[in-house]
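User: I am new to reading protein models and would like to learn how to go from single residues to the whole chain. Could we begin with one side chain and work outwards?

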Amino acid sequence: MVCLGNICRSPMADGWLRYYSNKNQLGIEVDSAGTANYHIGKQPDERMRKWSKTYGVSIDQLQARQFNVSDFDKFDRIFVMDQDNYKDVIQLARNENDRSKVSLYLDEMYPGENREVPDPYYGTDHDFKHVIELLDQTTQVFLKNAGFKLH
Ligand code: 4NP
């Protein structure tokens, strides 16, 4: 899961995928990263940590890191939150196999619409909750698209 800072959107996307993977014993390896280096080593934004708990997910254990080229080797899928993240990650791709792993996360729920997860960093509590709910929905759709049964 990749966004700009790795403190708001991608940690929450990571939290949901980890949550459903654990709950359904799917054994998916999940991580998140930012394209920027501003927040390396920091915990997720405190507003996202607070609101995530009201949805039953804790992301307190996560620490921001920067996306790097070895992530193409470690992961089968690389989900980006917006078009800027997409461009930044694609620029690091070494070949077609790397490029084929990268897609907008909301494409899972809205194929072909190029929708973005809005950045809540300068937003309100409502914006944070909206992002949390969007990421929950698209995570469930992704897992169903990938053939997993959820209960
Ligand atoms: P994120 O949000 O990309 O969802 O983690 C942001 C966090 C920090 C900044 C921008 C977006 N920032 O400019 O510091």
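User: Leaving aside its neighbours within four places in sequence, which residues is tryptophan 16 in contact with?

Analyst: Please keep in mind that this is a predicted model. To read contacts, one looks for heavy atoms within 4.5 Å, and by that test tryptophan 16 touches Tyr55, Val57, Ile132, Leu135, Asp136 and Thr139, once its neighbours within four places in sequence are set aside.

User: Which residues of the largest nonpolar core touch the most other members?

Analyst: A nonpolar core is a set of buried nonpolar residues joined through side-chain atoms within 4.5 Å. Here the largest one has 30 residues, and those touching the most other members are Met1, Met12, Trp16, Met48, Met81, Tyr105 and Leu135. Two or more residues come from each of helix H1 (9–23), helix H2 (46–54) and helix H6 (125–145), and H6 gives the most, with 7 residues. There is also a second, separate core of 11 residues, which includes Phe67, Val80, Val89 and Leu104.

User: How should I read a single helix, and which residues of H2 are buried?

Analyst: The general idea is that an α-helix has 3.6 residues a turn, so residues three or four places apart point the same way. In H2 the buried residues are Met48, Arg49, Trp51 and Ser52, and these pack against H1 and H6. Just after H2 comes glycine 56, which takes a positive phi of about 85°.

User: In what pattern do the helices and strands follow one another along the sequence?

Analyst: One reads such a pattern by walking along the sequence and noting each element in turn. The protein chain has 6 helices and 4 strands, and their pattern is β-α-β-α-α-β-α-α-β-α.

User: Why does the radius of gyration of the protein chain agree with that of a compact globule?

Analyst: One compares the chain with what its length would lead one to expect. Because a compact globule with 151 residues would have a radius of gyration near 15 Å, the 14 Å of the protein chain agrees with that expectation. Along its principal axes the C-alpha trace spans about 40 × 40 × 30 Å, and 46% of the 151 residues count as buried.

User: What share of the contacts joins residues at least 24 apart in sequence?

Analyst: For this reading one takes contacts between residues at least 6 apart in sequence, and in the protein chain 68% of them join residues at least 24 apart.

Key
Residues numbered from 1 in each chain as written. Predicted model: local features only at pLDDT ≥ 70, side-chain atom pairs only at ≥ 80, totals over all residues. Heavy atoms only, no water. Rg over C-alpha atoms; globule rule 2.2 N^0.38 Å. Buried < 20%, exposed > 50% of the residue type's maximum accessible area, 1.4 Å probe, protein only.
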